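Trainee: Could we take one part of this model, the interior, and look at it closely? Start with what packs together inside, then work outward.

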Amino acid sequence: MAADLGVLNDDLQEKVKSSRILVVGAGGIGCELLKNLVLTGFKDIEVIDLDTIDVSNLNRQFLFRKEHVGKSKAQVARESALKFNPDGKIKAYHDSVMSTEYDTEFFKQFDVVLNALDNRAARNHVNRMCLAADKPLVESGTAGYLGQVTVIKKGLTECYECQPKPHQKTFPGCTIRNTPSEPIHCIVWAKHLFNQLFGEADPDEDVSPDTEDPELAGDAGKQALQSEAKEDTVGGIERKSTRIWAQETGYDPMKIFNKLFRDDIHYLLSMESLWKKRRPPEPLDFDSLPNTGGSSDNMNLIHDQRIWSVQECADIFKQSVDLLKSELQKQGDAGILVWDKDEPAAMDFVTAAANIRAYIFGIPIKSRFDIKSMAGNIIPAIATTNAIIAGLLVMEALKILSGNINDCRTVYLNRHPNSRKKLLVPCMLDPPNPKCYVCSSKPEVTVKVNTTSMTVKSLEDKVIKGQFGLVAPDVELDDGKGTIIISSEEGETEENAAKPLSFFGIKNGSRIKCDDFLQEYNLNITLLHVDKLEEEKEFEVVGDVSEVQARAAEASAAAAAAATTVSSFTPSNTAPDNSASNNGQGQKIDDEDDLEIIEDEEEEMIVETSAISRKRKADEVEEPASKKARKLNSEQVNEDDDAIVVL
């Protein structure tokens with residue numbers, strides 16, 4: 001072990017042996033990290049992971065073997081890692097780090113927390129727990145060949161949430177349901193269909209046009225207007241979900257096929273205004289399918305790489321529905337299935353359904369391999385990337401334990417060497433963002449919503465929990481009365497869930513106070529009322545009120561200036577280049593354990609170049625301009641940074 005071989009100085013050796021380390025995550029990075037920790041000589045380690053081992057993990061998570069499939073990642077990782085150093089002590093928790101058992105007192109036990117997570121919600125939570133416990137956190141992430149490690153310390157550096165993270169691309173519901181134009185639209189629709197039929201159904205994701213909705217055009221809309229209102233229903237309209245309809249048919253594959261790909265398409269065609277400037281879809285009937293859509297040129301390819309014909313898609317659709325129906329029945333009356341890209345029947349279902357829909361709308365059909373990449377939102381994980389990042393995690397932890405936290409760096413792993421022939425590019429740690437809604441002294445944020453249509457339940461689930469990451473919030477109106485509209489105690493405010501915000505007097509400029517006891521976190525939210533937001537958004541985070549007012553003033557000034565600008569204006573070529581100074585404000589890489597966002601080839605290119613370069617411009621310049629000003633001796637820093645090695 002490194003601590004026993006004289007690799008580390010005497011003082012650091014003792015700190016390594018006596019320190020307590022918490023590892024959050026035992027997947028791609030976590031396996032490499034645990035191995036590195038025990039080989040370095042750490043004796044007291046605890047690891048938390050909720051997941052179980054899947055066959056797809058075995059090609060890169062080398063603490064696991066075939067016989068471990070289905071077992072706890074944390075437990076098996078512990079057993080495997082101890083084989084490298086039986087003198088170590090590792091305690092494993094097969095649990096969610098967001099459980100209430102892991103409070104601030106739990107986090108205060110540790111000298112350093114090391115993140116090897118695969119989702120943003122858990123990252124946000126650990127970030128807040130480390131801030132509340134005032135413990136250093138070493139954060140990490142990988143994306144294919146790219147990776148990064150950074151250190152987070154309360155009051156000294158940016159926290160994980162100091163800079164906004166890009167959201168995964170979403171699409172308007174009407175595009176998914178009615179007017180798809182790209183393969184990804186059909187894939188999203190097929191995943192929604194899986195949930196509607198077999199999974200946890202979300203009414204907002206229903207895949208069929210609502211023939212009971214009188215607001216829609218066409219014959220069905222007229223029929224709905226002429227029908228009698230029904231009692232005990234919202235607006236007098238009784239809507240039948242796709243799940244209930246499928247259950248009534250006994251999950252008959254041919255009936256499901258004809259409803260989705262024939263009847264629903266005929267209904268869409270009755271909405272004539274949709275097709276004035278679009279290619280209209282062509283309905284399909286299960287009993288008279290064209291044997292087209294595939295290609296004879298790829299018949300020698302493996303099954304996953306071939307383009308299936310429409311007939312093949314229909315046959316596979318039928319087979320997968322039968323298999324999934326059987327799996328659902330095994331779950332009991334209240335059972336649900338969870339879509340998994342590595343579950344053959346689930347993946348076949350989405351591939352077949354997406355391609356049939358694509359054919360109907362004249363969209364190119366994709367191979368199962370391509371659809372798996374897009375449906376799973378993945379960039380293939382690279383084992384060596386995980387190994388490098390895990391090594392850097394330990395190196396930054398050693399700096400912290402030696403008392404040299406000021407020597408810590410944010411280190412980026414690039415796909416290609418930079419101008420100095422370096423794959424690893426270190427940058428100075430950024431100071432906290434004074435306007436961060438997590439780590440600032442008075443966290444505040446402003447959100448635009450329609451207060452008359454947004455319900456308390458939507459506010460809780462989509463804004464407070466979904467957007468701002470609170471786990472068990474209590475929400476109080478800042479109305480001088482202390483009115484509680486959301487309570488973390490189950491059942492206390494359940495009757496408020498379906499009521500609109502306006503019911504409680506919430507209007508433009510109203511403020512609410514959000515408190516999460518577990519995270520020891522408070523957030524004040526100012527709500528701005530808007531009748532409608534762009535792209536069918538339910539809400540929009542806009543910073544604080546002063547920023548909103550400043551932007552409005554700038555927009556007004558710009559409009560006034562534009563009105564007086566002569567038409568012969570020629571842009572100046574001498575404007576300052578802010579690209580370097582913006583590099584420090586870019587995006588962090590998030591390892592999603594097979595990782596994030598590929599929706600098409602163009603998207604992949606963006607991930608590998610421009611989206612990374614805003615923070616990682618060190619490929620082209622030694623240090624962002626905003627960071628050079630903080631350096632007393634850049635030459636010395638660069639020499640020190642060159643000492644970074646790849647483990």
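**Inside the predicted model**

Mentor: The largest nonpolar core has 54 residues. Those with the most contacts inside it are W189, F198, F257, F261, F317 and F349. Such a core is a set of buried Ala, Val, Leu, Ile, Met, Phe, Trp, Tyr and Cys residues joined through side-chain atoms within 4.5 Å. Five helices, α7 (183-197), α10 (253-270), α11 (310-330), α12 (344-360) and α13 (368-375), each supply at least two residues of this core. Helix α12 gives the largest share, eleven residues. This is a predicted model: local features need pLDDT of at least 70, side-chain atom pairs count only at pLDDT 80 or more, and totals for chains, interfaces and linings use all residues. Residues are numbered from 1 along each chain as its sequence is written, and side-chain values use heavy atoms, with hydrogens and water left out.

Take F198. Beyond residues up to four places away in sequence, F198 touches R243, Y251, V321, L324, K325, L328, I336, L337 and F349 (contact: heavy atoms within 4.5 Å). Apart from the largest core lies another, of 50 residues. Its members include L22, Y93, F106 and L117.

Now the sheet. It is open and has eight strands, in the order β3-β2-β1-β4-β5-β6-β7-β8, with mixed pairing. Helices (H or I, at least four residues) and strands (E, at least two) are DSSP runs numbered from the N terminus; two strands pair if DSSP finds at least two bridges between them. At the edges stand β3 (89-94) and β8 (424-428). Each has a single partner strand, so one side of each is left without a neighbour in the sheet. Neighbouring strands are turned by 15 degrees against each other on average, direction ignored.

Strand β6 (residues 146-152) deserves the close look. It pairs with β7 (residues 409-413) in the antiparallel sense over three bridges. V149 stands opposite V411 in β7. Q148 stands opposite Y412.

Two helices pack on the sheet. Helix α3 (residues 73-82) touches β2 (44-49) and β3, and its direction makes about 165 degrees with that of β3. Helix α14 (residues 383-401) touches β4 (112-115), β5 (137-143), β6, β7 and β8; its direction makes about 165 degrees with that of β5. Axes are lines fitted to C-alpha atoms, for helices over the stretch in contact, and angles run from 0 to 180 degrees between N-to-C directions.

Back to β6, on its other side. β5 and β6 pair in the antiparallel sense over seven bridges. The bridge partner of V138 in β6 is V151. The hairpin of these two strands has two residues between them, and G144 there takes a positive phi near 65 degrees.

Seven of the seven residues of β6 are buried, so the strand is largely enclosed by the rest of the structure. Buried means under 20% relative accessible area, exposed over 50%, partly exposed in between (1.4 Å probe, protein chains only). In a regular strand the side chains alternate between the two faces of the sheet. In β6, L146, Q148, T150 and I152 point one way. G147, V149 and V151 point the other way.

One more buried site: S19, in the loop between α1 (10-18) and β1 (20-24). S19 counts as buried because its relative accessibility is 3%. Leaving aside neighbours within four places in sequence, S19 is in contact with F42, D44, D111 and L401.
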